[in-house]
Amino acid sequence: MAALFTLIRVLLGLFFALTGAVKLTDKISEGVFRELRSQFVQFAEVFPLRVFGLKPEPDQYLLATGWTELVAGLLLAFGPRRLQELSNFTLTVVMMVALFTLLKLQEPPAVCCPAAVCLGLLLLLNLRGQGRQVKAKAE
């Protein structure tokens, strides 16, 4: 069972690293990068912290999200355990913001599904990690 969770963690980390890299450069997929740039204009308009006066510039928001996903994804996949936990938390927040944004923009369920599945897998990994900590304390 531990091997399955390791596989999920590594694949999910690599997925986030790839999606982050796509947000950072047009060299991977020019069309996707162009589409993401236009989407982040909309995403910035419904950014959850706007109610507190934080209004990100769309290009800066795209870069920040890309770097966060790239670094946290690599740490989730290959980092030491403590950094895996931190990256899991970071990516969980990113996915919660993504879902909030998509729901606020009233996107169809099919568009929300990838973020929801990623969030579910991150939470599953987090619960698995919490279970290991409880078990270690009991021993």
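Is F40 buried or exposed? In this predicted model, F40 has a relative accessibility of 4% and therefore counts as buried. Its surroundings make a good starting point for a look at the aromatic residues.

The structure contains 4 aromatic pairs. In one of them, F40 and Y61 meet edge-to-face, with 5.1 Å from centre to centre and 75° between the planes. This pair joins distant parts of the chain, as F40 belongs to helix α2 (residues 30-45) and Y61 to helix α3, 21 residues apart. Y61 has a relative accessible area of 11%, so this residue is buried too. Y61 also pairs with F47: the ring centres are 5.0 Å apart and the planes stand at 80°, which means that this pair is edge-to-face. Because F47 sits in the loop between α2 and α3 while Y61 is in helix α3, the pair ties together parts 14 residues apart in sequence. F47, like Y61, is buried. Together, F40, F43, F47 and Y61 make up one aromatic cluster.

Helix α3 (residues 58-78) also meets helix α1 (residues 2-24), their axes coming within 7 Å and crossing at roughly 155°. The two helices are therefore roughly antiparallel, and the crossing is left-handed. By class, their contact comprises 15 nonpolar, 6 polar and 3 charged residues. Among the residues involved are L12, F16 and K23 in α1, and W67, E69 and L70 in α3.

Another residue of helix α3 is L75, which counts as partly exposed because its relative accessibility is 27%. Leaving aside residues up to four places away in sequence, L75 touches L83, Q84 and S87. The C-alpha atoms of L75 and N88, 13 residues apart along the chain, are 8.8 Å from each other.

Key
Residues numbered from 1 in each chain as written. Predicted model: local features only at pLDDT ≥ 70, side-chain atom pairs only at ≥ 80, totals over all residues. Heavy atoms only, no water. Axes fitted to C-alpha atoms, helices over the stretch in contact; angles between N-to-C directions. Helix = DSSP H or I, 4+ residues; strand = E, 2+ residues; numbered from the N terminus. Parallel < 35°, antiparallel > 145°, perpendicular 65-115°, else oblique. Left-handed = near helix turned anticlockwise from the far one by under 90°. Contact = heavy atoms within 4.5 Å. Nonpolar A, V, L, I, M, F, W, Y, C, P; charged D, E, K, R; others polar. Buried < 20%, exposed > 50% of the residue type's maximum accessible area, 1.4 Å probe, protein only. Phe/Tyr/Trp six-rings, centres within 6.5 Å; stacked < 30°, edge-to-face > 60°.
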